[in-house]
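Biologist: I'm new to reading structures. Could you take me through this one step by step?

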Amino acid sequence: MKKSIIVSPEDCRNTDWVKKAADAGFDTLALHSGGRRHDLLEALAEFRTPEFRARCTGAGLSLEYEEHAAEAFLPSELRAAHPEYFACGEDGIRQSGERAGWCPSAPGMRERIAAGAEKLARALRPSSHNYYFWGADSKECICRCPECAKFSRADLNVLNANMIAEGVLRADPQARAALLAYTPGTFELPEKVVPHAALFLEFAPFHRHYDVPLTDPSDEVNSRFRADLLKLLTVFPAERVHVLEYWLDVSYFSSWRRPLRKIGCSPEVMRRDLEFYYSLGIRNFATFAVMMNETYSAQFGDEELYACGEALNELL
Ligand SMILES: [Zn+2]
């Protein structure tokens, strides 16, 4: 069981999120420092210390990190000497820049990613054994070079996560690693690649509609996500599924820029969604709440935050 709220280091510096997350009824505080390639250890500075972990534990919270880790696994500085390490887009061009992914077919990449995941797991140790080290934050994060194109995006997503699972297990024999589904193709079932036993599916219905529940039969987009989840549950049993939602994600509802806008998801929608997920046997939940800071609270209040915590605690 998990009731997690995900905020950024900046939010944590602005707001006492250890106290606020516990007050609102969450049992896990997770840090997320953004989608662009960056130095995770630098960004998370004071939030990866024993002191911060102890503060979380003292408040009854697990501490986790949900992060795009492409830069930690494959530093941008390798682009000049080894363009072949980087993912190809649909245009056949090796990616560069702040959202470049990696090519799992490149020589030595399996060990490179595993070694990077091991190193990162030693530096960012959650208190739960759940490791959420994701690839580049881009809908083109999955390589389409001729070698990779022999596999579906879903297969490559699993292949990438398998490499990460191998690495984090070296650092923590009890580790479980996330297989994030949130980009096109990654909601399909893998056909050629078997998910590592340490993987759990992290289902993130990015771009679903929030004005109606996921169960609304008249909403085509939500119905597609619902069907995808039911399909994925045939491969990943409910106990191996985490839901990653955007219910409280001020950054999402503000299109990742200021001024901040009010959350576009009502407590009723959150509740109906939760009941649906729960009815499928899913017990692990996280919601982004990035940019839910003092400025937001002063302007829009905390109704949705507390309603979300309350709904989670009624079920779990
Ligand atoms: Zn490739």
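**Questions about the model**

Biologist: Met-291 lies in the loop between β8 and α11 (294-300). Is Met-291 buried or exposed?

Modeller: Before we start, this is a predicted model, in which local features need pLDDT of at least 70 and side-chain atom pairs count only at pLDDT 80 or more, while totals for chains, interfaces and linings use all residues. Residues are numbered from 1 along each chain as its sequence is written. The test for burial counts other C-beta atoms, placed from the backbone, within 10 Å of a residue's own: 20 or more means buried, 12 or fewer exposed, and in between partly exposed. Met-291 has 24 such neighbours inside 10 Å, so Met-291 counts as buried.

Biologist: What is special about the phi of Met-291?

Modeller: Met-291 is not a glycine. Even so, its phi is positive, at about 75 degrees.

Biologist: You use names like β8, so which strands make up the barrel, and in what order?

Modeller: The names come from DSSP: helices are runs of H or I with at least four residues, strands are runs of E with at least two, and numbering starts at the N terminus. Two strands pair if DSSP finds at least two bridges between them. Here the pairing is parallel, and eight strands close into a barrel in the order β1-β2-β3-β4-β5-β6-β7-β8.

Biologist: Which strands pair with β8?

Modeller: On one hand, five bridges link β8 in the parallel sense to β1 (residues 2-7), where Ile-5 stands opposite Thr-287 of β8. On the other, His-242 stands opposite Asn-284 of β8, and four bridges join β8 to a strand at residues 241-245 that runs parallel to it. The partners are therefore β1 and β7.

Biologist: How many residues of β8 are buried?

Modeller: In a regular strand the side chains alternate between the two faces of the sheet. In β8, Asn-284, Ala-286 and Phe-288 are on one side, with Phe-285 and Thr-287 on the other, and both faces are covered. The strand covers residues 284-288, and the number buried is five of five.

Biologist: How far apart are the ends of helix α10, and does the value agree with expectation or disagree?

Modeller: The expected span is 1.5 Å times one less than the number of residues. Helix α10 (residues 267-279) has 13 residues, so it should span 18 Å, and the values agree, because its end C-alpha atoms are apart by 18 Å.

Biologist: Which elements do the buried residues of α10 pack against?

Modeller: The buried residues are Val-269, Met-270, Asp-273, Leu-274 and Tyr-277. They cover an arc (taken from the directions from the helix axis to the C-beta atoms) of only 130 degrees, which puts them on the same side of α10. On the other side of the helix, Glu-268 and Ser-279 are exposed. Contact means C-beta atoms, placed from the backbone, within 7 Å, and the buried residues pack against β7 and α12 (303-315).

Biologist: Which residue in the loop between α9 (250-253) and α10 follows a cis peptide bond?

Modeller: That bond has an omega of about 5 degrees and starts from Arg-258. The residue it leads to sits in the loop between α9 and α10. It is Pro-259.

Biologist: Trp-256 is in that loop too, so what is its exposure class?

Modeller: Trp-256 has a positive phi near 60 degrees, although it is not a glycine. It has 13 other C-beta atoms within 10 Å, so its class is partly exposed.

Biologist: How far apart are the C-alpha atoms of Leu-61 and Ala-30?

Modeller: Leu-61 sits in the loop between α4 and β3, and it is buried because 24 other C-beta atoms lie within 10 Å. Leaving aside residues up to four places away in sequence, it touches several residues, including Val-18, Leu-29 and Cys-56. Leu-61 and Ala-30 are 31 residues apart along the chain, yet their C-alpha atoms are separated by 9.6 Å.

Biologist: Which element gives the most to the side of domain 1 that touches domain 2?

Modeller: Domain bounds come from an automatic or database domain assignment, which gives domain 1 (1-67 + 204-316) and domain 2 (69-173). Their centres, taken over C-alpha atoms, are 24 Å apart. In all, 18 residues of domain 1 are in contact with 18 residues of domain 2. With six residues, the element that gives the most is β3.

How values were computed:
Contact = placed C-beta atoms within 7 Å.
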